[in-house]
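Reader: I'm new to this one, so I'd like to ask how you know what you say about it. Could we go through it together?

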Amino acid sequence: MSNKGTVVVGMSGGVDSSVTAYLLKEQGYNVIGVTMQIWPIDQETENVGGCCSLSAVNDARRVADKLDIPFYVMNFRDLFEIEVIDYFTSEYLQGRTPNPCIACNKKIKFEGFLNKARALGADFIATGHYAKLFYDKSRSRYVLKKADDKTKDQTYALYNFTQEQMAYTLLPLGNYTKPRIRKIAAQLELRVANKPDSQEICFVTDNNYKNFIENRVGVQKFKPGPIIDTKGNEVGTHKGLANYTVGQRKGLGLALGYPVYVVRIDTENNVLIVGRDEEVFQKNLISGENNFILFDDLQEEMEVEAKIRYSAHPAKAKIKPWEKGQILVEFEEPQRAITPGQAVVYYRGDYVVGGGTIMKGF
Amino acid sequence: MRRVYMDHSATTPVRPEVAQVVTKYFTETFGNASSVHAFGREARKGVETAREQIANLIKAKPEEIFFTSGGTEADNMAIIGTALANKDKGKHIITTQIEHHAVLDTCKYLEKQGFEVTYLPVDAEAMLDMETLKKAIRKDTILITIMHVNNEVGTILPIKEIGAIAKENNILFHVDAVQSFGKLPIDVNQMNIDMLSASGHKIYAPKGIGCLFLRKGTKLSPIMFGGAQERKRRPGTENVPGIVGFGLAAELAGKEMEEENKRLTKLRDKLIDGILEKIPESQLNGHRTQRLPGNVNVSLRYIEGESLLLMLDLKGIAASSGSACTSGSLDPSHVLMAMGICHEIAHGSLRLTLGKINTEEDIDYVLEVLPEIVEKLREMSPLYNSIKLERREECSKCTLTK
């Protein structure tokens, strides 16, 4: 056994986590591979996109055999169902747009999985996320920085890290680009080297989240109601608020003589508010359930760059402590489609300051 | 690192004598047993010798033994075959809640086809009550299918008494003997058994070979078609090396049974006593005495079986929680549930099954390593710590811990 310690690598069967396991082994860690099984048994179908399907388990097992490391499957089905799938469904039903990957990172990977790995006596866990995590002596804190490969950077989905979790976590891919990782996988002759990147929500196999929610909670939860424009005129009927997200244009079924977008979702009155493109822009938002990485709590106003969805560019903003532990984010320029339920993540340069859940935009 | 294999109920290593003869039938005596030429005749001779060896072990006639690919296939053949052959007589089948899934899932399939199945409950030690069985019998009951030894907790069911009841009521009786064949004395006549499933790889023969004992004159519809092998009951070219190996393994098991059982019982009891003594809040699952000599199944409270298995593996100890076929699913064992053990305790169950290759040193090693691991896991368990504070109230649903 190596003196660098034992690390349990979460292996999804994809190229990133496979190479993660390889790199750590090369660095002299005692590596154990684990696939987190999150699928209810009867849903284990051969879907390509999902990261933790049955075929993924088989892929991960093959990689572990190739790397000659012990490999186990850990069961997270119940936890995943409660913390990710139920959350996902209930958020949509409340008119918000959830981010299940963030929930999965927070509750499954860096909580449930981390705890199980520690119970096994592991010194660390590791994942194939593109982000840099290290101890910053000058701050006396663990910090999170954007990956070198900016197109693959996943810090947006990792802002919930606690200091304790970070002390037990290794993210070795932060210094690599995706093409480089694929090249390493190919050199190792891993079958997964050319596996496509997973894109969509892993448990929504047909890419149709509406069907997924309908199958889970029943069609009766989709209550039709009025669509109004920003001036209060009723312009149509919606098919249940879970079908919509702020900024959406497609699927509204309206012809008002100008392009129409979802501006706001009012679950209290079961009303969908639509408007012109410029009406989808807002300058401020309130975030809740904030977590900070650079410090414990936000004490005073701070200038940051804030990112309101995975694909958005960080935009200049000020963050200020607000009532009930919430944070007020004031952007310099109006932002398009500030979407309740999505995360807002604050950066300073490449460093993650922290983040929270968008409660409302205004 | 020391490696200790304690999962003999999952599978066993092929014993050297058997491996030797199997190899010979792969490379030298490789003929098709149905061929007329000398190569075929030699292979046929091997198959028929094996049939005798197996028949002898359970006091059956050689022509009552039909080779299959294993225990699961034999169970399917017996249950579906009987149901189809007797569907005009009745549609009711009796089994227990603690059968292997090879039986349970086959019964569930038949339910979908219009048959009715009674799943008998068991008591806290996985023992079956004969009165419960008698009450379940109906006029249209065509089959009783009950296992000899439970694969998870090792309880030995009263097959002779069940056989007598079946005979009295003129109902066919099938026994899934995968965990007892070659390990416990079986007499199909004395026990009134009409059909019996057995498997090779549980008794040091290769995987992929098993058999069904089918009493002469018992009606059984085939579930496979395509050749005259095994008198059309199980068509397909015979797995001659497997069959020959199975035969030899059965004969050797019979010869060594008494001696080996004494040895295993001693080791088993030492392991059980050691665990119960060294690990607080541990309990034995299954019957203390009516128990397969090599079976140890314990529940260790506040522990997840999954983490325990992983840590044991990292220490070189091969064990299982529940049966190997269902682990990975990690739903609490249906056997422990049927015994009335609550979810939380069932999750922390550990099965150690001993066999030929285990020694007293193995037992000592497990007794040294296991308590340490349990202590470590309990330290990490939020449940254990929170309950420690609340002075651990007993779960009201548990029948066993009180």
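Reader: What makes residues 324–329 of chain B a stretch to treat with care?

Author: This is a predicted model, and pLDDT stays under 50 over residues 324–329 of chain B. pLDDT is the predictor's confidence on a scale from 0 to 100, and where it is low, the predicted coordinates should not be read in detail. The model does have 9 contacts beyond four places in sequence for residues 324–329 of chain B. Residues 396–402 of chain B also stay under 50, with 14 such contacts.

Reader: And what is the average pLDDT of chain B?

Author: Chain B averages 92, and 92% of its residues score at least 70.

Reader: How do you know which residues of chain B are in contact with chain A?

Author: Two residues count as in contact if their C-beta atoms lie within 7 Å. By that rule, 11 residues of chain B meet 11 residues of chain A. Helices H8 (305–314) and H11 (360–380) of chain B each give two or more residues to that side, and H8(B) gives the most, with 5.

Reader: What makes up the side of domain 1 of chain B that touches domain 2 of chain B, by class?

Author: That side has 13 polar, 6 nonpolar and 3 charged residues. Domain 1 of chain B covers 4–9 + 257–389, and domain 2 covers 16–253. Their C-alpha centres lie 29 Å apart, while the contact takes 22 residues from domain 1 of chain B and 21 from domain 2 of chain B. H9(B) brings the largest share of the domain 1 side, 3 residues.

Conventions: Residues are numbered from 1 along each chain as its sequence is written. Chains are lettered from A and ligands numbered from 1 in the order in which they are written. This is a predicted model: local features need pLDDT of at least 70, side-chain atom pairs count only at pLDDT 80 or more; totals for chains, interfaces and linings use all residues. Helices (H or I, at least four residues) and strands (E, at least two) are DSSP runs, numbered from the N terminus. Domain bounds come from an automatic or database domain assignment. Ala, Val, Leu, Ile, Met, Phe, Trp, Tyr, Cys and Pro count as nonpolar, Asp, Glu, Lys and Arg as charged, and the others, Gly among them, as polar.
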